[in-house]
Amino acid sequence: MIEKIRIVLHFPRELVDKPIICKLVKDFSLTFNILKAEVNPKEEGVLVLELEGEEEEHRRGIEYLKKEGVVVQPLSQDISMDREKCVDCTVCIPLCPTNALIKDSRTYEVEFIKEKCIACGICLRACPYKAMKIFF
Ligand code: SF4
Ligand code: SF4
């Protein structure tokens, strides 16, 4: 059965220039639509893809990506900010590939704009105060 899925891919620096995504088309007959592509300040590539193809080919394609060293995440994960824990240190702001974390120039608080978030998970790893959370 043909289905569409949305996933977030994290490419370590050494994989950013490799034609890994092309293999999804060639070897697994999957078609893709790039919804977002960013290289963050740590030179990690973040790609949000919509993949279309047979269910079994999705499974094989994702296995291939993981084997190559790409971290694969479903886009359905839900991110939120715990205002009680956030100390507005701004560490997360330059790391967010979609500008979903910004500093409010009036209150000087760091604000999370949920609509812009692609659930890449970078802020979760970066926040020293564990103020960013993910729900599955
Ligand atoms: S890194 Fe954590 S504590 Fe610092 S501004 Fe971002 S969410 Fe708040
Ligand atoms: S998970 Fe964090 S770093 Fe990634 S897009 Fe959302 S707010 Fe930005």
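# Questions on the assignments in this model

Me: Why is Cys127 called buried?
Reply: Cys127 has a relative accessible area of 12%. The cut-off for buried is under 20%, so Cys127 counts as buried. The model to which this value belongs is predicted.

Me: What makes Cys89 partly exposed?
Reply: The relative accessible area of Cys89 is 34%. Buried requires a value under 20% and exposed a value over 50%; because 34% falls in between, Cys89 is partly exposed.

Me: Which residues come nearest to ligand 1?
Reply: Cys89 and Cys127 are among them, together with Cys86, Thr90 and Cys92. These five belong to a set of 14 residues around ligand 1. By class, the shell holds twelve nonpolar residues, one polar and one charged.

Me: Which residues come nearest to ligand 2, and how does its shell divide by class?
Reply: Of the 14 residues around ligand 2, the nearest are Cys96, Cys117, Cys120, Gly121 and Cys123. The shell has twelve nonpolar and two polar residues, and no charged ones.

Me: How many disulfides does a search of the whole structure find, and what would make a pair of cysteines count as one?
Reply: The search finds zero disulfides. To count, a pair of cysteine sulfur atoms would have to lie within 2.5 Å. The term itself denotes a covalent bond between the sulfur atoms of two cysteines.

Me: What is notable about the phi of Thr90, and where does Thr90 lie?
Reply: Thr90 is not a glycine, yet its phi is positive, at about 75 degrees. Most residues other than glycine have a negative phi. Thr90 lies in the loop between strand 5 and strand 6. At 27% relative accessibility, Thr90 is neither under 20% nor over 50%, so it counts as partly exposed.

Me: What is the phi of Asp88, and in which loop does Asp88 lie?
Reply: Asp88, also not a glycine, has a positive phi of about 60 degrees. Its loop runs between strand 5 (78-81) and strand 6 (101-103).

Me: How do you know that Gln73 is buried?
Reply: Its relative accessibility is 13%, and the limit for buried is under 20%; Gln73 therefore counts as buried. Gln73 is found in strand 4 (residues 71-74). Beyond its neighbours within four places in sequence, Gln73 is in contact with Ile7, Val8, His10, Ala119, Cys120 and Gly121. Cys120 and Gly121 also appear among the nearest residues to ligand 2.

Me: Why is the pair of Phe28 and Tyr64 called tilted?
Reply: A search of the whole structure finds one aromatic pair. In that pair, Phe28 and Tyr64 are 5.6 Å apart centre to centre, with 40 degrees between the planes. Ring centres must lie within 6.5 Å to pair; planes under 30 degrees apart would be stacked and over 60 edge-to-face, so 40 degrees makes the pair tilted. Both Phe28 and Tyr64 are buried.

Me: What makes this pair a tie between separate parts of the chain?
Reply: Phe28 belongs to helix 1 (residues 20-28) and Tyr64 to helix 2 (residues 55-67), so the pair ties together parts that are 36 residues apart in sequence.

Me: What makes Leu65 buried?
Reply: Its relative accessible area is 0%, which is under the 20% cut-off, so Leu65 counts as buried. Leu65 has its place in helix 2. Leaving aside neighbours within four places in sequence, the residues in contact with Leu65 are Leu9, Ile20, Ile21, Leu24, Val70 and Val72. Ile21 is 44 residues away along the chain, and its C-alpha atom is separated from that of Leu65 by 8.4 Å.

Me: Why is Ala37 called partly exposed?
Reply: Ala37 has 49% relative accessibility. Exposed needs over 50% and buried under 20%, so Ala37 is partly exposed. Ala37 sits in strand 2 (residues 31-39). Outside its neighbours within four places in sequence, it is in contact with Val46 and Leu47. Its C-alpha atom is 6.4 Å from that of Val48, eleven residues apart along the chain.

Me: How many helices and strands does the protein have, and in what order do they run?
Reply: There are three helices and eight strands, running β-α-β-β-α-β-β-β-β-α-β from the N terminus. Of the 136 residues, 40% are buried.

Definitions and conventions: Residues numbered from 1 in each chain as written. Chains lettered and ligands numbered in written order. Predicted model: local features only at pLDDT ≥ 70, side-chain atom pairs only at ≥ 80, totals over all residues. Heavy atoms only, no water. Near = heavy atom within 4 Å. Nonpolar A, V, L, I, M, F, W, Y, C, P; charged D, E, K, R; others polar. Buried < 20%, exposed > 50% of the residue type's maximum accessible area, 1.4 Å probe, protein only. Helix = DSSP H or I, 4+ residues; strand = E, 2+ residues; numbered from the N terminus. Contact = heavy atoms within 4.5 Å. Phe/Tyr/Trp six-rings, centres within 6.5 Å; stacked < 30°, edge-to-face > 60°.
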